[in-house]
Amino acid sequence: VSTQSTGTAVRNGNIKLLNETIEEHAAFFIRAGIYLILEKLKVITLRNLFKKIYIITGSFQMDVANFKLALNWQGLEDVDFEETECILANMINDGFIKGYLSEAHKKMVVSKVTAFPALKDFL
């Protein structure tokens, strides 16, 4: 099993490719005892996807709807607005994103300094 597609998926924030790779090689990953580790990579992959949205928008105030659209575009069609907010809130709580959600404005506001801390800072 090639780990190249897994690494590429995580680096590029491609949750669709990561899910496909895990699904395709699930039996091998389970036998190797790394399936749960790969499941945890999904959070890092989502962080990288959301960081791309931040870079593209060029703003520290982003519509939550943009994140929902990105998740839907990545093959997670069943993710609704509330679930997107929940994913973002958990990522903020876990330190993957520095910011907060503005329920009234339906936006995520991130730090102007370090919106997406380096993974080495909290892993």
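So, helices here are DSSP runs of H or I with at least four residues, strands are E runs of at least two, and both are numbered from the N terminus. What you see above is a predicted model, where local features need pLDDT of at least 70 and side-chain atom pairs count only at pLDDT 80 or more, while totals for chains, interfaces and linings use all residues. Residue numbers start from 1 along each chain as its sequence is written, and side-chain values use heavy atoms, with hydrogens and water left out.

Okay, aromatics. How many aromatic pairs does the structure hold? Three, counting Phe, Tyr and Trp rings (for Trp, the six-membered one) with centres within 6.5 Å, called stacked under 30 degrees between planes, edge-to-face over 60 and tilted for the rest. Let me walk you through Phe 50 with Phe 67, and Tyr 54 with Phe 116.

Take Phe 50 and Phe 67: the ring centres sit 5.1 Å apart and the planes make 85°, so we call that one edge-to-face. This contact ties together distant parts of the chain, with Phe 50 in helix α4, residues 35–57, and Phe 67 in helix α5, residues 64–73. Along the chain they're 17 residues apart. Are they buried or exposed? Both Phe 50 and Phe 67 are buried, meaning under 20% relative accessible area, with exposed being over 50% and partly exposed in between (1.4 Å probe, protein chains only).

Now Tyr 54 and Phe 116. Here the centres are 5.5 Å apart and the planes at 45°, so the pair is tilted. Tyr 54 is in helix α4 too, but Phe 116 lies in the segment after β3 (107–110), so this link spans 62 residues. The two ends of the pair have their own exposure classes: Tyr 54 is partly exposed because its relative accessible area is 22%, whereas Phe 116 comes in at 7% and therefore counts as buried.

Just ahead of α4, have a look at Ile 34, in the loop between α3 (26–32) and α4. Ile 34 has a relative accessible area of 30%, so it goes down as partly exposed.

On to the sheet. What order do the strands take? It's an open sheet of three strands, β1-β3-β2, with antiparallel pairing; pairing means DSSP finds at least two bridges between two strands. The edges are β1 (61–63) and β2 (99–102), each of which pairs on one side only.

On the β1 side, β1 and β3 pair antiparallel over three bridges, and there Asp 63 stands opposite Lys 107 in β3. On the β2 side, β2 and β3 are antiparallel over four bridges. Ser 102 stands opposite Lys 107, and Leu 101 has Met 108 in β3 as its bridge partner. So if you click on Lys 107, you'll find Asp 63 and Ser 102 opposite it.

Those two strands, β2 and β3, also make a hairpin with four residues between them. Check Lys 106 in that turn, which has a positive phi of about 55°.

Last stop is Val 110, also in strand β3. Its relative accessibility is 4%, so Val 110 counts as buried. Its C-alpha is 9.3 Å from that of Ile 92, and the two residues are 18 apart along the chain.
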